[in-house]
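Work through the following exercises with the sequence and the structure side by side, and try each task before you read its solution.

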Amino acid sequence: MRMLDLIAKKRDGGELTEEEINFMIEGYTNGDIPDYQMSAMAMALYFQDMTTEERVALTMAMVASGDEIDLSAISGIKVDKHSTGGVGDTTTLILAPLVASVGVPVAKMSGRGLGHTGGTIDKLESISGFEVELDGDTFNRLVNENKVAVVGQSGNLTPADKKLYALRDVTATVNSIPLIASSIMSKKIASGADAIVLDVKTGSGAFMKDLEDAKALAKAMVGIGNGANRHTIAVISDMNQPLGHAIGNALEVKEAIATLKGKGPEDLTELCLTLGSHMVHLANKANSIEEAREKLESAIESGHALETFKTFIQSQGGDPSVVDDPSQLPTARVKLTVDAQQEGYVSDIVADEIGMAASMLGAGRLTKDSEIDLSVGVILKKKVGDFVKTGEELVEIHANTDTVEDVKEKIRAAYSFTKQPVEKNPLIYDVIE
Ligand code: URA
Ligand code: CA
């Protein structure tokens with residue numbers, strides 16, 4: 001088999017076989033196939049698209065290129081959740097204990113990564129003593145006992161995807177639905193998920209700004225998951241503003257605790273209940289989505305979800321008293337106000353820009369080795385649809401420096417206003433099964 005022939009076949013609109021895709025991904029991973037040939041293939045795929053069979057084959061070839069996490073020692077259906085883009089993914093912190101509290105095993109491997117804030121792992125480390133490095137046996141035992149454990153990424157997952165993603169980044173081939181879908185799904189499947197709930201964001205702050213594009217990506221991922229025997233569904237949710245109020249590591253932990261107490265922001269709570277209901281349903285812990293939702297709502301009301309969070313923290317070495325007293329979390333030195341410079345209704349808050357502002361304060365990593373400041377971030381005091389008067393507080397900045405003029409400017413630029421009352425977007429646009 002020759003890569004040259006495969007490129008020509010795809011260029012001319014042909015369908016690659018599983019064997020051909022395996023040849024290509026193995027060869028690319030081990031260096032037999034050079035970047036220039038893979039670049040040409042990526043461009044051919046970009047223009048010619050892929051059938052569902054090809055997408056499944058590509059995904060599974062990338063899974064096979066590295067380690068695969070074996071969760072078979074954990075009983076029950078392991079359901080994973082993934083959100084595409086979005087700023088400050090507080091949902092994972094809430095969903096893990098919430099769905100665990102109704103019996104769904106949550107065996108979560110999470111990254112630090114680069115971004116506006118740290119990853120779930122960094123956020124958990126703002127809890128004193130919390131240990132994210134667990135050996136495999138301890139991890140499995142904790143999920144069996146408590147239904148939830150979160151561990152830092154280890155091993156060499158999907159090296160083919162890492163290499164291909166980096167190549168796509170410099171060859172204008174990132175923005176291809178089959179390539180994005182297989183990239184994301186390969187990572188979920190390699191992490192051991194039996195079933196997957198996807199949260200595909202759409203709007204000004206999302207990767208897929210357009211609803212139709214978001215639906216197409218969701219359908220592509222659902223097609224791959226189901227084609228690979230991992231029951232998969234996708235929720236399409238709004239990202240025309242950040243979710244919740246907090247963007248920052250310890251600030252998001254605080255917001256997660258409030259939400260588990262039933263006192264969280266309305267949109268964040270609703271999205272967690274929606275995603276959580278699908279997770280509970282896919283894990284066979286409820287007969288319908290409605291029943292699943294009722295179970296989650298009563299777990300919040302009864303305090304059981306919060307208890308699960310405490311048990312989870314304690315069993316990973318953390319101090320659970322933080323749940324009753326969140327003031328123990330890292331706190332920034334100063335709070336500063338960004339006030340509105342005009343009157344009107346908030347019509348849009350570009351999530352990426354708010355994320356950037358948090359990152360400028362030190363909440364995120366700019367390079368792999370940079371340190372993050374767990375205490376800093378921003379709290380949105382006004383969200384889409386709210387009316388503000390000139391001089392009223394829009395955002396509260398939590399900082400460890402006094403001069404934050406550039407951050408304030410960034411935040412002001414992220415907000416748009418209108419004179420007329422704003423019709424709010426729905427939070428959930430669609431569910432793709
Ligand atoms: N996120 C991924 O993990 N892969 C892509 O290709 C795009 C976004
Ligand atoms: Ca958030």
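**Exercise 1.** Decide whether Asp12 is buried, partly exposed or exposed, and find the residue with which Asp12 forms a salt bridge.

*Solution.* Begin with the accessibility of Asp12 in this predicted model, which is 57% in relative terms. Because the cut-off for exposed is over 50%, Asp12 counts as exposed. Next, look for the partner of Asp12, which is Arg11, with the closest N and O atoms 2.9 Å apart. Finally, apply the cut-off to this partner: Arg11 has a relative accessibility of 51%, and therefore counts as exposed. As background to such pairs, side chains of opposite charge can pair when their charged atoms come close.

**Exercise 2.** Describe the salt bridge between Asp80 and Lys108, and work out which parts of the chain this pair ties together.

*Solution.* First take the distance, which is 2.9 Å from N to O between the two side chains of Asp80 and Lys108. Then place the residues: Asp80 belongs to strand β1 (residues 79–84) and Lys108 to strand β2 (residues 106–110), so the pair ties together parts that are 28 residues apart in sequence. Now turn to the accessibility, for which the cut-off for buried is under 20%. Asp80, at 10%, counts as buried, and Lys108, with a relative accessible area of 8%, is buried. As a last step, include Lys188, which is linked with Asp80 and Lys108 in a network of salt bridges. The structure as a whole holds 24 salt bridges.

**Exercise 3.** Find out how many residues apart in sequence the parts are that Asp122 and Arg365 tie together, and decide whether Asp122 is buried or exposed.

*Solution.* Start from the contact itself, a salt bridge in which the closest N and O atoms of Asp122 and Arg365 are 2.7 Å apart. Asp122 sits in helix α6 (residues 120–124), while Arg365 sits in the loop between α16 and β9 (377–380), so the parts tied together are 243 residues apart in sequence. The relative accessibility of Asp122 is 2%, and Asp122 therefore counts as buried. Arg365 is buried as well, with a relative accessible area of 10%. For the setting of Arg365, note that a UniProt annotation in an unreviewed entry, "domain: Pyrimidine nucleoside phosphorylase C-terminal", covers residues 345–418. Over these residues the chain is 28% helix and 30% strand, and the end C-alpha atoms are 5 Å apart.

**Exercise 4.** Characterise the surroundings of Ser237, and name the residue whose side chain is joined to that of Ser237 by a polar contact.

*Solution.* Locate Ser237 in strand β5, which spans residues 231–238, and then read its relative accessible area, which is 0%, so that Ser237 is buried. The polar contact, at 2.7 Å, joins the side chain of Ser237 to that of Asp199. Leaving aside neighbours within four places in sequence, the residues in contact with Ser237 include Asp199, Lys201, Leu271 and Tyr429.

**Exercise 5.** State where Gly355 lies, and identify its contacts beyond four places in sequence.

*Solution.* Gly355 is part of helix α16 (residues 351–361), and because its relative accessibility is 0%, Gly355 counts as buried. Once neighbours within four places in sequence are set aside, Gly355 is in contact with Val87 and His116. A further step compares positions along the chain and in space: Gly355 and Gly248 are 107 residues apart along the chain, and their C-alpha atoms are separated by 8.6 Å.

Note on methods:
Residues are numbered from 1 along each chain as its sequence is written. Chains are lettered from A and ligands numbered from 1 in the order in which they are written. This is a predicted model: local features need pLDDT of at least 70, side-chain atom pairs count only at pLDDT 80 or more; totals for chains, interfaces and linings use all residues. Side-chain values use heavy atoms; hydrogens and water are left out. Helices (H or I, at least four residues) and strands (E, at least two) are DSSP runs, numbered from the N terminus. Buried means under 20% relative accessible area, exposed over 50%, partly exposed in between (1.4 Å probe, protein chains only). A polar contact is a pair of N or O atoms within 3.5 Å; within protein, one must be able to donate a hydrogen and the other to accept it, and residues adjacent in sequence count only if both atoms are side-chain atoms. Contact means heavy atoms within 4.5 Å. UniProt positions are given in the numbering used here, feature names are shortened, and annotations may be inferred rather than shown by experiment. A salt bridge is a side-chain nitrogen of Lys or Arg within 4 Å of a carboxyl oxygen of Asp or Glu.
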